[in-house]
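I opened this notebook to keep track of what I looked up, one entry at a time. The sequence and the structure come first, and my entries follow.

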Number of protein chains: 2
Amino acid sequence: MKKQFITSIALVVAMTAVLFSNEQSSASDTRSIDESASPKYSLVIHGGAGTITRDRLDAETEASIRAKLTEALEAGQTILAGGGTSLDAIQASIMVMENSAHFNAGHGAVFTAQGRNEMDAAIMDGSDLNAGAITGVTRVKNPITLARAVMEKSRHVMFSGTGAEEFADNIGVEMVDPSYFYTERRWKSLQNFLESQKKQDTASIYEENPEFKFGTVGAVAIDQHGNIAAGTSTGGMTGKMFGRVGDVPIIGAGTYANNKSCGVSATGHGEFFIRATVAHSICALMEYGGLSLAEAANKIVMEQLVEMKGSGGIIAVDKDGNTALVFNSKGMYRGSVTNSEPLTTGIFDDE
Amino acid sequence: MKKQFITSIALVVAMTAVLFSNEQSSASDTRSIDESASPKYSLVIHGGAGTITRDRLDAETEASIRAKLTEALEAGQTILAGGGTSLDAIQASIMVMENSAHFNAGHGAVFTAQGRNEMDAAIMDGSDLNAGAITGVTRVKNPITLARAVMEKSRHVMFSGTGAEEFADNIGVEMVDPSYFYTERRWKSLQNFLESQKKQDTASIYEENPEFKFGTVGAVAIDQHGNIAAGTSTGGMTGKMFGRVGDVPIIGAGTYANNKSCGVSATGHGEFFIRATVAHSICALMEYGGLSLAEAANKIVMEQLVEMKGSGGIIAVDKDGNTALVFNSKGMYRGSVTNSEPLTTGIFDDE
């Protein structure tokens, strides 16, 4: 039942935590010894978690998704291998996914009940805990670029709705006509959703069709300078109402990064991810509790979230470059690459 | 320099944290032994932190504010002493402050740059980690009641803007005309702010006039059943633009509650409170790091936030009923009462 993809075997070195210390027992990557001479970097990405099974995905679509995940990883890896920053790398990876119709973010964003595309995004810099988040934007081509502009060019952390777009207009982020976010697949999905609403209540539609609920893209990286960054972008829930805000733009829930511990980007049933403060909890278990990344990620995703019935997963990178891609759902679009490990992509729970 | 008001003297019982255990070293309240027979409850409130000094507050205003803090505490205490829930108690306390013109929440909310009142609120139930949050509402008389309705009557955690008000209309929360939030004092404050903007940039106005930045009300309680609840409500920053969202509606930043550790409501320069994930960090230091409430609150407010230059404070109650009211600013409107300690209010840093 455990579906975890940890690149490193964690050795629990010390069970006695040294409180307050930034020196904690770290996971030991058994493969890192040979490659210790090469400059270290790690990059992980996700394109959403959910009921993704082989019988629901034809071979052509699967190949196309894997190609896009590969392209996203390569975009970030090129930057990291060249000595660039983790912020630039994750932004590049996320933009590739935002520009693809495969994922629920940017161009491929789902429609709200009113037939609009309302997107959220967040980014965090683990070196100084600076962060930027936006919610409910409708005209920003790449929401992750606006989240980054909020972080770097404003004194604030979070802007919502038309205010966020007013800031975007002022700051010179690329804007598009809302029709850019129209894709036939997502429009049909909304029509199916609205059709179902005539026959059953909204709650049971989401219950029976988890794919309406999910969809996010995200990336986390550590660069050669030891700086961690994390970012997440989403179109939210199909048929969402009431200006619902999920976990993506909530710093600490869907996105968190701290050089002292780790960076995390989450994807799943957002309400549970907010209530469990998923991203920050994983980092806090490392920093305050002395756990390894693998232990912390499993504790939150495979124990706490499973208990709460909160479906989804996370990707993470810790301060030593260890990576974790952990999910309790049927599948998660994902991929990773480091200085010492080849680029790999994954979709299903058995790979 | 340390301005802390801890009701209990913390004994560091064990520096060796038992990982994963909910049994942690707890702060020892030296006054709890005598009263151990009476049913235990604790309630703390705040009405905002900032540059609150004796020379800025005339005697009449001070007396009026202390009377209102007392009224808010009594409203919650009555419920707790009668065996009611911590959720009901904190809501009652917060509503008293929301209905007063003294505090930047509800009726006394500050004005945005556009001359509107846009309010945020959040509430969390420590017994099941359920939570509700709203941002940017303009017609809800008591925003804390809408946050609670989101928690209890929707499947979501957070709604923003007009969507939040559409939900409020549907659910039957008390609505008012936006003119209800007009107070002469706050209107003059906005005019002063706008006048200053003609002469200097916005950043330096906030720098020189910290009172434009601050203002929040909040309450945290543990009831006789051992359940912790926390809530926070605010009108945001005077002259705010771009739909800026502060820490108040961010679960884990301005508001957090968990029966395993503690409940926290924060007030201060919101951006820093989001970046430091203040409320959840204090609880995580207790649950994962084995710290007492006093140690955890000091670590975050007096060390981490001071380092980041994040001005403000927190109020908190832990699972054993210990209370903490800690701030690094000149003052914080505050008060506390427990089953064994008399009702007290405070404003300045030397009381």
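**Entry 1: helix H9 of chain A**

How many residues does helix H9 of chain A have, and what does it reach from its first C-alpha to its last? I keep in mind throughout that this is a predicted model. I found that H9 of chain A runs over residues 293–308, which makes 16 residues, and that it reaches 21 Å from the first C-alpha to the last, close to the 22 Å expected at 1.5 Å a residue. I also looked for a bend along H9(A), and there is one of about 25° at Lys299(A).

I then went through H9(A) for burial, and the buried residues are Leu293(A), Ala294(A), Ala296(A), Ala297(A), Asn298(A), Ile300(A), Val301(A), Met302(A), Leu305(A) and Met308(A). For background, I noted that an α-helix has 3.6 residues a turn, so residues three or four places apart point the same way.

**Entry 2: Ala297(A)**

I picked one residue of helix H9 of chain A, Ala297(A), for a separate look. Ala297(A) counts as buried because its relative accessible area is 0%, and buried means under 20%. Setting aside residues up to four places away in sequence, I listed what Ala297(A) touches: Ile282(A), Met302(A), Ile314(A), Ala324(A) and Val326(A). I also took one distance across the chain, from Ala297(A) to Asn99(A), which lie 198 residues apart along the chain and whose C-alpha atoms are separated by 29 Å.

**Entry 3: the residue after the helix**

Which residue just after H9(A) takes a positive phi? It is Lys309(A), with a phi of about 65°, and I noted that this is a positive value in a residue other than glycine. As a general matter, most residues other than glycine have a negative phi. Lys309(A) sits in the loop between H9 and strand S11 (312–318) of chain A, and it is exposed, with a relative accessible area of 69%.

I repeated the check in chain B, where Lys309(B) likewise has a positive phi of about 65° although it is not a glycine. Lys309(B) is in the loop between helix H9 (293–308) and strand S11 (312–318) of chain B, and at 70% relative accessibility it counts as exposed.

**Entry 4: the nonpolar core**

I asked which residues touch the most other members of the largest nonpolar core. That core has 104 residues, and the ones I was after are Ile282(A), Ile314(A), Ile282(B) and Ile314(B). I followed Ile314(B) further and, not counting residues up to four places away in sequence, found that it touches Val264(B), Ser265(B), Ala266(B), Phe273(B), Val278(B), Ile282(B), Ala297(B), Val301(B), Ala324(B), Leu325(B), Val326(B) and Met332(B). In soluble globular proteins, nonpolar side chains tend to be buried together.

**Entry 5: Met119(A) and Thr138(A)**

I moved to strand S3 (residues 119–125) of chain A, where Met119(A) is found. Met119(A) is buried, with a relative accessible area of 0%, and leaving aside neighbours within four places in sequence, its contacts include Gly106(A), Ala109(A), Ile134(A), Thr138(A), Phe181(A) and Thr234(A). From Met119(A) to Arg275(A) I noted 156 residues in sequence and 21 Å in space, C-alpha to C-alpha.

Thr138(A) lies in the loop between strand S4 (130–137) and helix H3 (143–153) of chain A. Is Thr138(A) buried or exposed? At 13% relative accessibility, Thr138(A) counts as buried. Neighbours within four places aside, Thr138(A) is in contact with Arg116(A), Asn117(A), Glu118(A), Met119(A), Glu165(A), Pro178(A) and Phe181(A).

**Entry 6: the whole chain and its copy**

For chain A as a whole, I recorded nine helices and 14 strands, and of its 351 residues, 64% count as buried. Among contacts in chain A with a separation of 6 or more, residues 24 or more positions apart account for 69%.

I then compared the two copies: a rotation of 180° with 0.0 Å of shift along its axis superposes chain A on chain B, with an RMSD of 0.0 Å. That is the relation of a two-fold axis. I also noted that 100% of the interface residues of chain A are interface residues in chain B as well, so the copies meet through the same surface.

**Entry 7: cysteines**

Last, I looked for disulfides, and the count over all chains is zero. Cys262(A) counts as buried, at 0% relative accessibility, and Cys262(B) counts as buried, at 0% as well.

Conventions
Residues are numbered from 1 along each chain as its sequence is written. Chains are lettered from A and ligands numbered from 1 in the order in which they are written. This is a predicted model: local features need pLDDT of at least 70, side-chain atom pairs count only at pLDDT 80 or more; totals for chains, interfaces and linings use all residues. Side-chain values use heavy atoms; hydrogens and water are left out. A disulfide is a pair of cysteine sulfur atoms within 2.5 Å. Buried means under 20% relative accessible area, exposed over 50%, partly exposed in between (1.4 Å probe, protein chains only). A nonpolar core is a set of buried Ala, Val, Leu, Ile, Met, Phe, Trp, Tyr and Cys residues joined through side-chain atoms within 4.5 Å. Contact means heavy atoms within 4.5 Å. Copies are superposed by least squares on the C-alpha atoms of residues with pLDDT of at least 70 in both. Helices (H or I, at least four residues) and strands (E, at least two) are DSSP runs, numbered from the N terminus. The expected span of a helix is 1.5 Å times one less than its number of residues. The bend at a residue is the angle between axes fitted to the seven residues ending there and the seven starting there.
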